[in-house]
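Biologist: I would like a close look at a single part of this model, with its surroundings described in some detail. Please take it slowly and keep the pieces connected.

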Amino acid sequence: MITEDTLRKSLALRTETKNLDYKQSMNWASASNEDKCKLVKDILAMMNTPDGGQIVIGVEDNTYNLLGVNDGDAASFDITKVND
């Protein structure tokens with residue numbers, strides 16, 4: 001698991017790496033199938049990375065600003081639904 005200090009240092013660099021990917025928060029229940037598939041594709045890519053990887057959800061695309069995840073988005077994310 002990535003530490004808060006490591007995350008803040010990575011965000012300051014304003015870039016992603018082969019082992020670190022940022023995603024904006026989304027509500028799984030109301031997200032389009034296309035958006036769900038994009039996230040699942042990225043999860044699978046990290047699983048296939050030799051050294052593993054981390055996806056940090058709650059970071060604004062392109063600016064790398066930390067936005068966080070609201071309670072509704074967090075509650076909608078059910079790992080069994082993602083696996084389906």
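Which residues are linked in a network of salt bridges, and what surrounds them?

Modeller: This is a predicted model, and the network you ask about consists of Asp21, Lys23, Lys41 and Asp42, which are linked by salt bridges. Altogether the structure holds 6 salt bridges. Side chains of opposite charge can pair when their charged atoms come close.

Within the network, the side chains of Lys23 and Asp42 meet in a salt bridge with an N to O distance of 2.6 Å. That pair links distant parts of the chain, as Lys23 lies in strand β1 and Asp42 in helix α2, 19 residues apart. Lys23 counts as partly exposed because its relative accessible area is 21%, where the limit for buried is under 20%. Asp42 has a relative accessible area of 13% and is therefore buried.

Helix α2 also carries a salt bridge between Glu34 and Lys38, whose closest N and O atoms are 3.6 Å apart. Being 4 residues apart in helix α2, these two are separated by about one helical turn. Glu34 is exposed, with a relative accessible area of 55%, whereas Lys38 is partly exposed at 44%.

Strand β1 leads from the charged residues to the nonpolar ones. Leaving aside its neighbours within four places in sequence, Val56 is in contact with Asp21 and Lys23 of the network, and also with Leu7, Leu20 and Tyr22. The largest nonpolar core has 7 residues, namely Leu7, Leu11, Leu20, Tyr22, Val56, Val59 and Tyr64, and the elements that give two or more residues to this core are α1 and β1.

Two members of that core, Tyr22 and Tyr64, form an edge-to-face aromatic pair, with 5.6 Å centre to centre and 65 degrees between the planes. Tyr22 lies in strand β1 and Tyr64 in the loop between β2 and α3, so the pair ties together parts that are 42 residues apart in sequence. Tyr22 and Tyr64 are both buried.

Helix α1, which also contributes to the core, has a salt bridge between Glu4 and Arg8, with the closest N and O atoms 3.1 Å apart. Glu4 and Arg8 are 4 residues apart in helix α1, so about one helical turn separates them, and both residues are exposed.

Methods. Residues numbered from 1 in each chain as written. Predicted model: local features only at pLDDT ≥ 70, side-chain atom pairs only at ≥ 80, totals over all residues. Heavy atoms only, no water. Phe/Tyr/Trp six-rings, centres within 6.5 Å; stacked < 30°, edge-to-face > 60°. Buried < 20%, exposed > 50% of the residue type's maximum accessible area, 1.4 Å probe, protein only. Core = buried A, V, L, I, M, F, W, Y, C linked by side-chain atoms within 4.5 Å. Contact = heavy atoms within 4.5 Å.
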